[in-house]
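Please open the structure in your viewer and keep the selection tool at hand, since this tour moves from one selection to the next. At each stop there is a short account of what to look for.

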Amino acid sequence: MSRISDWAMLGATSSQALNMLASLRRRLREIFVRWALRVRPPEAAPIILTQRRVYVLPTRAGLAYGMALLIILLGAMNYNLSLGHALVFLLAGLGIVAILHTFRNLVLVSIRPGRCEPVFAGGEAQFDLVLENQRPDPRTSLRLFFEDDVPVEVDIGRRAATVATLTVPAARRGWLAMPRVTIETTWPLGLIRAWSYAVPDLNCLVYPEPAAKAPPLPWSGDSARGSTRDGRGVDDFSGLRNHQVADPPRHVAWKAVARQQDGPLLTKLFSGASAQQLWLDWNSLPEALDVERRLSILARWMLDADAAGLAWGLHLPGVRLPPDSGPAQLSSGLRALALHDHGTH
Amino acid sequence: MRLPELDAILADINRIILGKERPIRLSLACLLARGHLLIEDLPGVGKTTLAHVLARVLGLDFQRIQFTSDMLPADILGVSIFDRDSGSFHFHPGPIFTQVVLADEINRATPKAQSALLEAMEERQVTAEGKTRALPEPFFVIATQNPTHQIGTFPLPESQLDRFLLKIELGYPDPAAERELLAGADRRQMVASLSPRIAPQRLIELQDSVRAVHASPALIDYVQALAAHTRTAPRWQAGLSPRACLALLAVARAWALLDGRDHVLPEDVQAVLPGVIAHRLRPTDDTLRTNVESVAAALIEAVPLP
Amino acid sequence: MARINRPVSRRQAWWLLATALAAGLPLTPQLPLWLSLAAAAAFCWRAALTLRQWRLPPRWLMFVLVIAGTAGVFLQYRTIFGRTPGISLLVVFLALKLLELRAARDAMATALLCYFLVLGQFLFTQTIPTALLACLTVLITTANLLAASDDRPNPLQQLRRAGLMLAQALPFMLLLFVLFPRIQGPLWGIPQDRFAAVSGLSDTMSPGSIAQLSQSDAIAFRVQFKGTVPQQSQLYWRGPVMPAFDGRSWRVAQTLGAYPEVPYRGLGTLVDYEVTLEPHGKFWLFALELPATLPPDSALTSDYQPIAREAVRNRLRYNQRAWPEAIAGVDEAPGALRDALALPKQGNPRIRAISAGWQARHGNDGAAILAAAEALFSQQLLIYTLNPPLLGADMVDEFLFDSRRGFCEHFATAFVFALRAAGVPARVVAGYQGGEVNPVDGYLVVRQYDAHAWAEAWIAGRGWVRIDPTAISAPSRINNNLANAVPSGEELPFLARGDLAWLRELRYRLDAVTNGWNQWVLGYNPQRQRDLLASLGLNEPDWRSMTAVLSVLCGMVMLGLTAWILRNRLRVDPSLAAWRRFTARLAKRGVAWQTWEGPLAFAERAAKQMPVHAEAIAEIASLYARLRYAPGPRASEFEQLKAKIAAFKP
């Protein structure tokens, strides 16, 4: 019995030791990275991976290869096999050549920050990096990854550029800076690994997560007289558009319809004092809700209003967005929400 | 190979519209490149005059279409009317059947009317009642739109904006020019007194010679590099399309010709870049959206000459 | 480090199969048949797995197969250590590895196994064809590694890239091969079966044993003479000396004294030569009679036979000198003389009777008895043949008086028997006689069919004297070669036939190539390395200085390769280069060209800042703008631009 507990003890201590080893490795790597990057991130574009910042070490496979060569060499020595010596030396030469090829595959790649579309919190921020190859021959199998993450593998053609897209979970609204990216390659033989670090100056705007449940859109103004549900007025004629099923029949522009044959029905549009204003107002939400919750609800409203094609305005403490519709308005509004109380706009 | 006639044309226009050399030159370049021009500006800065003068100096017919919200495509393209005498339908061409069209306040019209104009612009022909009628040559549309978003206007969608080769602003004249304008003679009379500098046939020749202006591989590399940058850099929401690149090269060629060169220089590309990207490139940062010049400068300075 | 262990793609699987085939096929002659068949089955299974996208065999099955394979090898050889069993095991592992290719790691393991198998192949043979085959295997294995990294290029591209990388590795290989400090093996034990099948002289000689050797074309050793090649009849290559006779076979002495140096003095001029001895698994070193010096790590037995301290298991090269004439053994030990007289109690009565007659007539006069024996041999009209008839119990009598047909061992046996019976100490010497000079490289090649046996008699006052009884009956064997000596129509070894001139020529050339290969590649040992380095001016190099030289040279090769690999093939437009020179000059004066700035725009700005040079700047800029952006070739303008920029001194 005591035997078993001994084993268990041993297992526990060994797993502890492994954990310690892992944390030690992580810490060493952190120290190395800090030294390697030297310049304080983020770096100005384009980031060129010069000779000085590309590191080269054998991979596990490379170490195995080295061990195998050593064994072959011992065998060749023992049996006085001249061809065995030749084989070892050829393979050793191949190893050295592999270092050069791998190094060449990575060195002088230039990295520019690419696009980075805003995302909602809870989604995945996508950072595009543009990798450029000035050389007249292609680069193969470059892997880019954030620490401990799944790598993205790309090739770059001769004198061409490739976009590598790396994703990071966007947890909180606001600016999400691109984490440090490692770029490595083991091409062509997989024996040698050349790698470098970069911190491109790329930030992703993270909008607040739209609330799953939100109160209905906060219509304001006098809704008693002659207004339609979509917030348009009825007083002044302001234009025509194609008739939609929901438009009131009395707004059909019969004259205009009569003038063209086979044309669709047109609806007269009106604007006026009584046109209802859709104001999404921070203050209209109860004080009891915390900041993030309120922003979530505002985001949901914006999305709903935009989906309905409505014009809307936004009131936030310190921000006032006049009513408008369209993608530009939506992005301005969401941006204001994302950066609320963050100082930068 | 400086072309004196072009200099004379520019001089004529500059005599009437004061202090606007650059927009005027751009408009002429746009015309020479067989493109159409979109002017976004406040009323009263001389958009109509510019269109009028251009037509006049080049000896072209001129029509103005004031766009309104109840306008129908037929109001632009023309309509077939039943002729009792002949007992058949007779096509009455719309105002678009002219060489220089000023489409005023285009964003007031419904998308339907707008697209009627834009399709005609693009295809240089009008299809009505199953019959295709070619528009005159040369054919040049100057559309104007009001910058402020008003309720009841229909801003042109981005895909339609691409049909305009250039988008420029005229802006207020500087004080000296404004003073001269106020003190000088009536502009309308001055326009009326202008005589054509060249024949329409010569204009077509000039348009052909724009196409012959040489763009060297190095220059095409440059245009590509600019486009590639807009497509990948985080500063812009969507990059320049291949059509935008063609537009850039076409205007740059015309600009080079106006400068009396048979080849395009990077300077030409840079000079026309703001007008080409103004309605095509949307910065991610909304605060930059209004200032086209600084957006263009940022793009130019980010891309080294190849 | 990103850990990716991608599954093996189909293309990669094909590559792995090709690699395994390339490494395994050359070994089939060495492997037991069942193993070759099993490996072939595994390869086919792999092909089917790849082709049909079947599921990999389950782990338990693999486990069973590994056990079965190992057991099979053990049952075959009763061990799993040693050369052939070891390689058989490697083949088992390789074949089974192919069946469980799951990730890129397995591809690497397969490649390493293949490298080991190439080494294993060298344990059996190191000929030029083997080397070429090994090159092919390494090429395919390298391409396989390439495919493991990136499987998109087609096979030809992969092979080309692998070839390029190997070509780049060649300089390193050459440097390391020449300069890497060599150590004479073995470092530990040598498998017992390493030299199972080498042919050569053995330490016993019975009728027919040398005749058997004479069917072999295999090379025994090669000799390079420093001076002229001695006459064919002088070329007696002394091998094992055999004083003990049991009535049928001769054998070497059981116990022998050894001289650390040559105990006699020779006459005449020394013959200087170098022997490259093929491994034969025995201790003796062949030397031209009589050896004047001893090779290193060897001693001279009391019957003047140089022997090595260790059995000759590797090709051995040594310098030797010989006295064509020497007086040796005048004061021979009585024990040795006694041994040289021993005869079986019975048998061969006829020759015993004749010998007794000689002894009665001449008494102790050994020289006279020798002459009588020679006379007997020439009287008998003996025939030298490769196919002697089988002889009975009284083999000497039967040979001399009945069949009168025999090979050299019959001649030597009979002659020594006759002398001993007459009271003259005599013994049989085995070895090689003659050889053939290869006109291509001047080496004398001694083959197994040159094996020979002759007699040595001890004459008081003269010591040991060589007599070749074969020469009495068939002098052409000694003066020319085997082919001339045997009656026509007898079956000769292929290479010993002299009728095809072109074939002989071809053989000479091939032989010279093989010899060069043996001398310089296979025979490149610590000694040769020292000699070579000494000839390069590096005397008595220790491993430190060798490592230093090696590192420096490898570093230089690496620099060269780096420069070649990192070369920038970007071709800059010459006018752009000129423009850059110009702007650099201006930048020094504080007017920096922005990389995005057009030439004319820059010129305008620069002219404003440096009004003195405005004209020159404008000219240069417009010239450059035209050169770079205007149509058509403009050679004269380029010259102008260069001249203007050269003249421009801000």
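How many residues does helix 13 of chain C have, and how far does it reach from its first C-alpha to its last? Select residues 408–421 of chain C in this predicted model: helix 13 has 14 residues and reaches 20 Å between those two atoms, close to the 20 Å expected at 1.5 Å a residue. This helix is mostly covered, with 14 of its 14 residues buried. Move on to G423(C), just after helix 13 of chain C, and you will find a residue that takes a positive phi of about 85°.

**A small sheet and a strand in chain C**

Stay with chain C and select strands 6, 10 and 11, which form an open sheet in the order 6-10-11 with antiparallel pairing. Strand 6 (258–259) and strand 11 (306–308) of chain C stand at the edges with a single partner strand each, so one side of each is left without a neighbour in the sheet. Between strand 10 (residues 298–301) and strand 11 of chain C there are three bridges, and the two strands run antiparallel; to see one pairing in detail, select S298(C), whose bridge partner in strand 11 is A308(C).

Next select V437(C), which lies in strand 17 (residues 436–437) of chain C. Is V437(C) buried or partly exposed? With 15 other C-beta atoms within 10 Å, V437(C) is partly exposed. Leaving out residues up to four places away in sequence, V437(C) touches V229(C), G442(C) and L444(C). If you also show R222(C), you can see two residues that are 215 residues apart in sequence but 9.4 Å apart in space, C-alpha to C-alpha.

**Where chain A meets chain C**

Now display chains A and C together, and look at their contact, which takes 44 residues from chain A and 50 residues from chain C. On the side of chain A that touches chain C, helix 2 (60–78), helix 3 (82–106) and strand 6 (139–146) each supply at least two residues, and the largest share, 17 residues, comes from helix 3 of chain A. If you colour this side of chain A by residue type, it divides into 27 nonpolar, 13 polar and four charged residues.

**Chain A and the largest core**

Select chain A by itself, where there are six helices and 17 strands. Of its 345 residues, 36% count as buried. Among contacts in chain A with a separation of 6 or more, 68% are between residues 24 or more positions apart.

A useful element to pick out here is strand 12 (residues 203–207) of chain A, which is mostly covered, four of its five residues being buried. Strand 12 of chain A pairs in the parallel sense with strand 4 (residues 119–120) of chain A over two bridges, and F120(A) stands opposite Y207(A). Strand 12 of chain A is also joined by four bridges to strand 9 (residues 174–177) of chain A, and these two run antiparallel; there, A177(A) stands opposite N203(A).

Which residues touch the most other members of the largest nonpolar core? In this core of 129 residues they are L87(A), L90(A), V206(A), V91(C), Y115(C) and L117(C). Select V206(A) and its surroundings: apart from neighbours within four places in sequence, its contacts include P118(A), V119(A), R172(A), L176(A) and A338(A). A second, separate core of 115 residues includes L72(B), L165(B), A244(B) and A254(B).

**The sheet of chain B**

Finish with chain B, which has 13 helices and nine strands, and in which 45% of the 306 residues count as buried. Select its open sheet of five strands, with the order 2-5-8-1-9 and parallel pairing. Strand 2 (62–66) and strand 9 (166–168) of chain B stand at the edges, each having a single partner strand, so one side of each is left without a neighbour in the sheet. From one strand to the next, the twist averages 20°.

Within this sheet, strand 5 (residues 100–104) and strand 8 (residues 140–145) of chain B pair in the parallel sense over four bridges, and V100(B) has F140(B) as its bridge partner. Add helix 2 (residues 21–32) of chain B, which packs on the sheet and touches strand 1 (37–40), strand 8 and strand 9 of chain B; the direction of helix 2 makes about 160° with that of strand 9 of chain B.

Notes:
Residues numbered from 1 in each chain as written. Chains lettered and ligands numbered in written order. Predicted model: local features only at pLDDT ≥ 70, side-chain atom pairs only at ≥ 80, totals over all residues. Contact = placed C-beta atoms within 7 Å. Nonpolar A, V, L, I, M, F, W, Y, C, P; charged D, E, K, R; others polar. Expected span 1.5 Å × (residues − 1). Buried ≥ 20, exposed ≤ 12 C-beta atoms within 10 Å, placed from the backbone. Pairing = 2+ DSSP bridges. Axes fitted to C-alpha atoms, helices over the stretch in contact; angles between N-to-C directions. Core = buried A, V, L, I, M, F, W, Y, C linked by C-beta atoms within 7 Å.
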